[in-house]
Amino acid sequence: MKNADELCSLIQEIIDEASGHADEKVDPSTPLLISGLVDSLTIMRIVARVEQRIGISFPETEVVAANFRTPTALWDAIEAVKGASHSEGAV
Amino acid sequence: MTAQGQTSVVENAVASAAKSARSALSRTTGADFRTRWKALAAEGLLSDAPRPPSGRAAGLGPVTTALAGIEGIGLAGAPAGLCYALASQRFGIQCPLRPVLSQEVRHSLGDVAGGDVLLCHALTEEGGGSDPLSMSTSAERQEDGSYVLTGMKAFVTAAPIADVGLVFARTSADRTPFALSAFLVDLRVPEVKRSDPFRKTALTEVPMGSLTFGGVRLAPDRLVGHEGSGLALLTVTTAWERAMLLSYALGPMRRVLERTVDWCKSREHFGRKMGSSHLVAARVADMALALHRSRELVYRMAARLDAGERPRQLAADAALTKISVAEDYVMFTQQATMLGGVRSFIEDSGLCPDLISPMAASTYAGPNDLLRVTVARELGLPVEN
Ligand SMILES: Cc1cc2nc3c(=O)[nH]c(=O)nc-3n(C[C@H](O)[C@H](O)[C@H](O)COP(=O)(O)OP(=O)(O)OC[C@H]3O[C@@H](n4cnc5c(N)ncnc54)[C@H](O)[C@@H]3O)c2cc1C
């Protein structure tokens, strides 16, 4: 996964799996929390899937509202986690 | 290491834990819960960085080592409630917190590894167990960054005696995934009131009770992770619990199987040994099957955690493990009860199984039916809680 658009497709995929159909298109600025698009299980699924695809460990402590407001916010958080794990050396 | 080598290394670790546990238990016969807890902890079970096993148990990872320790303690005849409490603190609290807490904060808790400080996990409330987002206990942030905790937790294992609680509370009024946060709360302060121990019928050796927080002030460093990350942390604590908590049952199951086999070999009726009936033999085989499945599943979870798999990634398999072991444990105990005849209902017969505690495993760490929903959802069914 290389950018926020690809992240949007992943989120879309997970929401579609959960609800069986797509009502809304997820774009980088879709408000994920306010629209009620994602519930807690879906959030944890997004985190798990992102970890698998990118091969990072997303710390539990970063799973907070500020990082899930929009796909862009989540992408920024992913980049920050990637940066931190590079500078620390692989953990 | 070959699979066979690994098996005997595990067996050795279990045997050596059982040996030390037997001596710790006999030294503390009749003593209270905490004395026995501390005696068992002295063997290193609760140490976050266990001594790398040497000698015949060398090569096992820390989770497998702890698992073998729990199995050994049960095999030595420790009361089920004590095994459960040890497994619950080790796997359900210490393991998930380890990567999240700074060394300073871990230090501030006191001597958890040595068994001086007892932890508990306070999530459930009167109003809701399986639905954490419905909780009403709240932690309000103050201007200086500290929090004030108010509310009540119920049905908490070890609450009447624990020193520090991992307490989940809402830090936001909304019912959103980010409304919850976790705190480390010193339970020895006057603002925390404990109930008397509940008269519970399962796992009777460990007390359970409620905790009432009457405006407990918490320094900012008592917040675990960031504000709002409570549900993510809960996902991890529950994944650990579902994967590993039922390890507590393995030792007791082995003991019950052994004594049932002995009974079937010695009891005679219809002019022959009871164990020469095919139906009796088949029930014993079913018990062995349940124990085998449970043991393989839990050790597999431990191996995956030792290999560095993230608890979140194995949450679905952890749920399957929990359902399977919990239900096998009930079936196993029913078979033993049937084969013991009337003696299954006579307390000091040596054949009286505890029918209630295995059933309790269907409720804690996520009721089995709720876990079934999670499993089905993971398979793609559009089912929701
Ligand atoms: C031995 C023991 C030790 C415990 N220790 C602790 C502890 O240390 N800390 C702590 O916080 N809590 C502890 N608990 C409490 C435990 O976590 C809760 O009992 C559990 O979360 C279930 O909550 P509840 O009992 O309120 O059940 P409820 O939420 O009332 O559910 C009751 C039953 O309804 C059914 N049900 C409910 N909702 C659904 C659904 N959506 N789909 C299908 N079926 C459903 C299930 O069969 C469920 O078992 C312990 C419980 C036991 C038995």
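In the predicted model, 11 residue pairs are in polar contact between chain B and chain A, both residues of each pair having a pLDDT of 80 or more. On the chain B side, the elements that contribute two or more residues to the surface touching chain A are helix 6 (230-244) and helix 11 (368-378) of chain B, and of the elements concerned it is helix 6 of chain B that gives the most, with five residues. When the residues on this side of chain B are sorted by class, nine are nonpolar, seven are polar and five are charged.

The contact between the two chains draws on 21 residues from chain B and 25 residues from chain A. The size of an interface is often given as the accessible area lost when the parts come together. For chain B and chain A this buried area is about 2000 Å², of which 58% lies on carbon and sulfur atoms. Within chain B, the residues that lose the most area to chain A are B:Phe178, B:Arg312 and B:Arg377, which together account for 35% of what that side buries.

Side chains of opposite charge can pair when their charged atoms come close. Between chain B and chain A, six salt bridges are counted, and the side chains of B:Arg310 and A:Glu51 are joined by a salt bridge with an N to O distance of 2.9 Å. Over all chains, a search of the whole structure finds 28 salt bridges. Within chain B, B:Glu11 forms a salt bridge with B:Arg254, and the closest N and O atoms of this pair are 3.5 Å apart. This pair links distant parts of the chain, since B:Glu11 belongs to helix 1 of chain B and B:Arg254 to helix 7 (residues 250-266) of chain B, with their positions 243 residues apart in the numbering.

The internal organisation of chain B is described next. Chain B is divided into domain 1 (3-107), domain 2 (119-233) and domain 3 (234-378). The contact between domain 1 of chain B and domain 3 of chain B takes 24 residues from domain 1 and 22 residues from domain 3, and the C-alpha centres of these two domains lie 20 Å apart. Together, domain 1 of chain B and domain 3 of chain B bury about 2000 Å², with 67% of this area on carbon and sulfur atoms. In domain 1 of chain B, the residues losing the most area to domain 3 of chain B are B:Leu67, B:Glu71 and B:Tyr84, which together make up 29% of what that side buries.

Charged and polar pairs also occur across this interface between domains. Four salt bridges are found between domain 1 of chain B and domain 3 of chain B, while seven residue pairs, both residues at pLDDT 80 or more, are in polar contact. The side chain of B:Glu71, which is named above for the area that it loses, meets the side chain of B:Arg295 in a salt bridge of 2.8 Å, N to O. On the side of domain 1 of chain B that touches domain 3 of chain B, at least two residues each come from helix 1 (3-27), helix 3 (62-75) and helix 4 (80-97) of chain B, and by class this side has 16 nonpolar, six polar and two charged residues.

The surroundings of the ligand comprise 18 residues, of which B:His121, B:Leu123, B:Thr124, B:Ser130 and B:Thr157 come nearest. A backbone N or O atom of B:His121 lies 2.6 Å from a nitrogen atom of the ligand, and a polar backbone atom of B:Leu123 is 2.9 Å from an oxygen atom of the ligand. In the case of B:Thr157, by contrast with these backbone atoms, a polar side-chain atom lies 2.7 Å from a nitrogen atom of the ligand.

Methods:
Residues are numbered from 1 along each chain as its sequence is written. Chains are lettered from A and ligands numbered from 1 in the order in which they are written. This is a predicted model: local features need pLDDT of at least 70, side-chain atom pairs count only at pLDDT 80 or more; totals for chains, interfaces and linings use all residues. Side-chain values use heavy atoms; hydrogens and water are left out. Domain bounds come from an automatic or database domain assignment. Contact means heavy atoms within 4.5 Å. Buried area is the accessible area (1.4 Å probe) that two parts lose on being put together, summed over both. A polar contact is a pair of N or O atoms within 3.5 Å; within protein, one must be able to donate a hydrogen and the other to accept it, and residues adjacent in sequence count only if both atoms are side-chain atoms. Helices (H or I, at least four residues) and strands (E, at least two) are DSSP runs, numbered from the N terminus. Ala, Val, Leu, Ile, Met, Phe, Trp, Tyr, Cys and Pro count as nonpolar, Asp, Glu, Lys and Arg as charged, and the others, Gly among them, as polar. A residue is near a molecule or strand if one of its heavy atoms lies within 4 Å of it.
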